[in-house]
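Visitor: I would like a close look at a single part of this structure, taken slowly and with the supporting values given along the way. Please choose one helix and its surroundings, and connect the pieces as you go.

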Amino acid sequence: LGKIFLGDGGAYLLGTTLAILSAQLVGRHTGISPWFPLVLVVYPVWETLCSMLRRAAFHHAPIGPPDARHLHSLVYRALGRRNAATAVPLWLVQLGMVVLAVSWRDSTPLLMLQAYGFIALYCAVYLLLAWRERHLTRG
């Protein structure tokens, strides 16, 4: 029921703009780690990569069409289909990622640890929620 929708063109434009700005930021400010912009967008980047892999490897489906198996969809269903209850925890995780990334903007090892830590947390939460959903629907 959302009122704002970028569509593919808008999403591509936004992604391209962020990529260009990230490259310019790192190029103009040598004290900033190249991992800094990646950590800022690790959630949507990892979500996209995981969705493509999940569709191709496990569901033998095309990687392009939308589905309801994203992390936010699993959180939405686990929290009783309430949009606010879904958005707030995901916003808080992203806020924590941004605060840490800004604090560590010049430390490649810490930013790498943060990115890999987020990926591990994402995968653990995703697998737990997917397992929970699968077992609740079978019972």
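Guide: What follows is a walk around helix H4, its partners and the loops on either side of it. The model is a predicted one, and local features are considered here where pLDDT is at least 70, while side-chain atom pairs count only at pLDDT 80 or more.

Helix H4 covers residues 71–78, and its buried residues are Leu71, Ser73, Leu74 and Val75. These buried residues do not face a single partner, for they pack against H3, H5 and H6. As background for reading such a list, an α-helix has 3.6 residues a turn, so residues three or four places apart point the same way.

Of these neighbours, H6 can be described in some detail. Helix H6 runs over residues 108–138, and H4 packs with it at an angle of about 50°, the two axes lying 10 Å apart. Since angles under 35 degrees count as roughly parallel and those from 65 to 115 as roughly perpendicular, H4 and H6 are therefore oblique to each other. The crossing in which H4 passes H6 is left-handed. On the H4 side the meeting residues are Leu71, Leu74, Val75, Arg77 and Ala78, and on the H6 side they are Tyr122, Val125, Tyr126, Leu129, Ala130, Arg132 and Glu133. Leu71, Leu74 and Val75 thus appear in this contact list as well as among the buried residues of H4.

The contact between the two helices also includes a charged pair. Side chains of opposite charge can pair when their charged atoms come close. Here the side chains of Arg77 and Glu133 form a salt bridge, with an N to O distance of 2.6 Å. Because Arg77 belongs to H4 and Glu133 to H6, this pair ties together parts that are 56 residues apart in sequence. Neither end of the bridge counts as buried: Arg77 is partly exposed at a relative accessible area of 22%, and Glu133 is partly exposed at 25%.

The search of the whole structure finds three salt bridges, and the others bring us to the loop that leads from H3 to H4. In that loop lies Asp67, whose side chain meets that of Arg54 in a salt bridge of 2.7 Å, N to O. Arg54 is in helix H3, so the pair links parts of the chain that are 13 residues apart in sequence. Asp67 also forms a salt bridge with Arg55, for which the closest N and O atoms are 3.0 Å apart. Arg55 is likewise placed in helix H3, so this second pair ties together parts that are twelve residues apart in sequence. Through the shared partner, Arg54, Arg55 and Asp67 are joined into one network. As for accessibility, Asp67 counts as partly exposed at 22%, whereas Arg54 is buried at 8% and Arg55 is buried with a relative accessible area of 8%.

A further link from H3 is made by Ser51, which sits in that helix (residues 42–58). Its side chain makes a polar contact of 3.0 Å with the side chain of His70. Ser51 is buried, because its relative accessible area of 4% falls below the 20% limit for that class.

The loop between H3 and H4 also holds His60, a residue with a backbone feature worth noting. His60 has a positive phi of about 45° although it is not a glycine, and at 68% relative accessibility this residue counts as exposed.

Beyond the other end of H4, positive phi values occur again. H4 is followed by Gly80, whose phi is positive and near 80°. Arg81, placed in the loop between H4 and helix H5 (83–103), has a positive phi of about 60° although it is not a glycine. Arg81 is exposed, with a relative accessible area of 52%.

To draw the picture together, H4 has buried residues that pack against H3, H5 and H6, and a salt bridge from Arg77 to Glu133 connects H4 with H6. On the H3 side, Asp67 in the preceding loop is joined with Arg54 and Arg55 in one salt-bridge network.

Terms used. Residues are numbered from 1 along each chain as its sequence is written. Side-chain values use heavy atoms; hydrogens and water are left out. Helices (H or I, at least four residues) and strands (E, at least two) are DSSP runs, numbered from the N terminus. Buried means under 20% relative accessible area, exposed over 50%, partly exposed in between (1.4 Å probe, protein chains only). A polar contact is a pair of N or O atoms within 3.5 Å; within protein, one must be able to donate a hydrogen and the other to accept it, and residues adjacent in sequence count only if both atoms are side-chain atoms. A salt bridge is a side-chain nitrogen of Lys or Arg within 4 Å of a carboxyl oxygen of Asp or Glu. Axes are lines fitted to C-alpha atoms, for helices over the stretch in contact, and angles run from 0 to 180 degrees between N-to-C directions. Angles under 35 degrees count as roughly parallel, over 145 as roughly antiparallel, 65 to 115 as roughly perpendicular and the rest as oblique. A crossing is left-handed if the near helix is turned anticlockwise from the far one by less than a right angle, and right-handed if clockwise. Contact means heavy atoms within 4.5 Å.
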